[in-house]
Amino acid sequence: MSKLLINGPDGKEGIDPRYVLKGDWPDDIERSPIKAIRQKCIDCSGGSATEVKKCTVTGCALYPFRMGKNIFHSRCANPEGNIGPILREKQD
Ligand code: SF4
(Lines give C-alpha, C1' and ligand atoms only; values in the text may rest on other atoms or scores of the structure.)
Protein backbone atom coordinates (compact mmCIF):
# COMPACT_ATOMS: atom_id res chain seq x y z
CA MET A 1 0.00 0.00 0.00
CA SER A 2 1.17 3.52 -0.75
CA LYS A 3 2.68 5.40 2.15
CA LEU A 4 0.20 8.15 1.31
CA LEU A 5 -2.77 5.96 2.26
CA ILE A 6 -3.94 4.54 5.55
CA ASN A 7 -6.59 2.06 6.55
CA GLY A 8 -9.47 4.13 7.85
CA PRO A 9 -12.76 2.98 9.34
CA ASP A 10 -14.36 2.85 5.87
CA GLY A 11 -11.37 1.36 4.03
CA LYS A 12 -8.39 3.09 2.52
CA GLU A 13 -8.16 6.83 2.82
CA GLY A 14 -5.57 9.45 2.08
CA ILE A 15 -3.33 10.68 4.86
CA ASP A 16 -3.58 14.35 5.79
CA PRO A 17 -0.59 15.69 3.80
CA ARG A 18 0.62 17.54 6.88
CA TYR A 19 1.40 14.20 8.45
CA VAL A 20 3.22 12.59 5.52
CA LEU A 21 6.91 12.16 6.22
CA LYS A 22 9.13 14.10 3.83
CA GLY A 23 10.79 10.95 2.51
CA ASP A 24 7.47 9.25 1.85
CA TRP A 25 6.52 11.58 -1.00
CA PRO A 26 7.26 10.23 -4.49
CA ASP A 27 10.41 11.74 -5.99
CA ASP A 28 8.43 13.28 -8.84
CA ILE A 29 5.78 14.95 -6.66
CA GLU A 30 5.26 18.60 -7.64
CA ARG A 31 6.10 20.80 -4.67
CA SER A 32 5.01 24.12 -6.14
CA PRO A 33 1.24 24.71 -5.86
CA ILE A 34 1.22 26.86 -8.99
CA LYS A 35 3.07 24.23 -11.00
CA ALA A 36 0.74 21.57 -9.60
CA ILE A 37 -2.24 23.60 -10.83
CA ARG A 38 -0.61 23.88 -14.24
CA GLN A 39 -0.12 20.12 -14.34
CA LYS A 40 -3.74 19.59 -13.38
CA CYS A 41 -4.93 21.96 -16.11
CA ILE A 42 -2.84 20.18 -18.74
CA ASP A 43 -4.30 16.88 -17.51
CA CYS A 44 -7.82 18.36 -17.65
CA SER A 45 -7.16 19.48 -21.24
CA GLY A 46 -6.08 16.10 -22.52
CA GLY A 47 -2.37 16.85 -22.22
CA SER A 48 -2.52 19.96 -24.41
CA ALA A 49 -0.99 23.21 -23.16
CA THR A 50 -2.66 24.96 -26.10
CA GLU A 51 -6.06 23.82 -24.90
CA VAL A 52 -5.29 25.07 -21.38
CA LYS A 53 -4.60 28.50 -22.84
CA LYS A 54 -7.98 28.41 -24.61
CA CYS A 55 -9.93 27.14 -21.58
CA THR A 56 -13.31 28.84 -21.27
CA VAL A 57 -14.32 27.51 -17.85
CA THR A 58 -14.02 30.87 -16.13
CA GLY A 59 -15.87 29.56 -13.09
CA CYS A 60 -13.20 26.96 -12.38
CA ALA A 61 -11.24 27.75 -9.23
CA LEU A 62 -8.00 27.05 -11.11
CA TYR A 63 -8.77 29.33 -14.06
CA PRO A 64 -6.69 32.36 -12.95
CA PHE A 65 -3.66 30.14 -12.39
CA ARG A 66 -3.92 27.84 -15.40
CA MET A 67 -0.94 29.39 -17.19
CA GLY A 68 1.37 28.44 -14.32
CA LYS A 69 1.64 31.93 -12.84
CA ASN A 70 0.05 33.60 -9.86
CA ILE A 71 -1.26 36.68 -11.63
CA PHE A 72 -2.21 38.23 -8.31
CA HIS A 73 1.50 38.71 -7.59
CA SER A 74 2.75 41.77 -9.43
CA ARG A 75 5.97 40.05 -10.49
CA CYS A 76 3.88 37.53 -12.42
CA ALA A 77 1.68 40.05 -14.17
CA ASN A 78 1.80 40.56 -17.92
CA PRO A 79 4.89 42.08 -19.59
CA GLU A 80 3.53 45.57 -19.04
CA GLY A 81 3.53 44.92 -15.33
CA ASN A 82 -0.21 45.10 -14.86
CA ILE A 83 -2.87 42.54 -14.20
CA GLY A 84 -5.32 42.14 -17.01
CA PRO A 85 -5.30 45.33 -19.15
CA ILE A 86 -4.46 43.50 -22.38
CA LEU A 87 -7.40 41.13 -21.97
CA ARG A 88 -9.71 43.96 -20.94
CA GLU A 89 -8.76 45.93 -24.08
CA LYS A 90 -9.50 42.90 -26.27
CA GLN A 91 -12.98 42.62 -24.78
CA ASP A 92 -13.82 46.30 -25.38
S1 SF4 B 1 -8.99 26.09 -15.45
FE2 SF4 B 1 -9.74 25.02 -17.26
S3 SF4 B 1 -8.10 23.62 -17.81
FE4 SF4 B 1 -7.76 24.23 -15.68
S5 SF4 B 1 -8.76 22.63 -14.45
FE6 SF4 B 1 -10.20 24.33 -14.73
S7 SF4 B 1 -11.40 23.72 -16.51
FE8 SF4 B 1 -9.53 22.48 -16.54
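Two strands are taken as paired where DSSP finds at least two bridges between them, and in this predicted model that condition applies to β1 and β2, in which L5 of β1 has G14 of β2 as its bridge partner. The two strands, β1 spanning residues 5–8 and β2 spanning residues 11–14, run antiparallel and are joined by 4 bridges. Between the strands lie 2 residues, and the pair forms a hairpin. Within this arrangement, I6 is placed opposite E13 of β2.

Considered as a whole, the protein chain contains 3 helices and 2 strands, and their order along the sequence is β-β-α-α-α. Of the 92 residues in the protein chain, 7% are buried. Among the contacts with a separation of 6 or more, 24% are accounted for by residues 24 or more positions apart.

The loop between β2 and α1 includes D16 and also Y19. D16 is exposed because 8 other C-beta atoms lie within 10 Å, where a residue with 12 or fewer such atoms is counted as exposed. The same class holds for Y19, which is exposed with 8 other C-beta atoms within 10 Å. Both loop residues can be related to L4 by their C-alpha positions: D16 and L4 are 12 residues apart in sequence and 8.5 Å apart in space, whereas Y19 and L4, 15 residues apart along the chain, are separated by 9.4 Å.

Helix α1 covers residues 33–44. The helix has 12 residues and reaches 16 Å from its first C-alpha to its last, which is close to the 16 Å expected at 1.5 Å a residue. Its buried residues include I37, R38 and C41. Seen down the axis of α1, the buried residues fall within an arc of 100°, and they therefore line one face of the helix. These buried residues pack against α2, which comprises residues 49–53, while the face of α1 turned away from the buried side carries K35 and D43, both of them exposed. Just after α1, a positive phi of about 65° is found at G46.

A further link to α1 is provided by G68, which is located in the loop between α2 and α3, the latter formed by residues 85–91. G68 counts as partly exposed because 17 C-beta neighbours lie inside 10 Å, a number that falls between the limit of 12 or fewer for exposed residues and that of 20 or more for buried ones. When neighbours within four places in sequence are left aside, G68 is in contact with I34, K35 and R38. Of these partners, R38 is one of the buried residues of α1, whereas K35 is exposed and lies on the face turned away from the buried side. G68 is also 36 residues from S32 in sequence, and the two are 9.9 Å apart in space from C-alpha to C-alpha.

The surroundings of the ligand draw on residues from K40 to R66, and the shell consists of K40, C41, C44, S45, V52, C55, V57, C60, L62, Y63 and R66. By class, this shell has 8 nonpolar, 1 polar and 2 charged residues. The element that gives the most to the shell is helix α1, with 3 residues. C41, one of the residues surrounding the ligand, is also among the buried residues of α1, and the buried residues of this helix pack against α2.

Key. Residues are numbered from 1 along each chain as its sequence is written. This is a predicted model: local features need pLDDT of at least 70, side-chain atom pairs count only at pLDDT 80 or more; totals for chains, interfaces and linings use all residues. A residue is near a molecule or strand if its C-beta atom, placed from the backbone, lies within 6 Å of it. Ala, Val, Leu, Ile, Met, Phe, Trp, Tyr, Cys and Pro count as nonpolar, Asp, Glu, Lys and Arg as charged, and the others, Gly among them, as polar. Two residues are in contact if their C-beta atoms, placed from the backbone, lie within 7 Å. The expected span of a helix is 1.5 Å times one less than its number of residues. The arc is that of the directions from the helix axis to the C-beta atoms.
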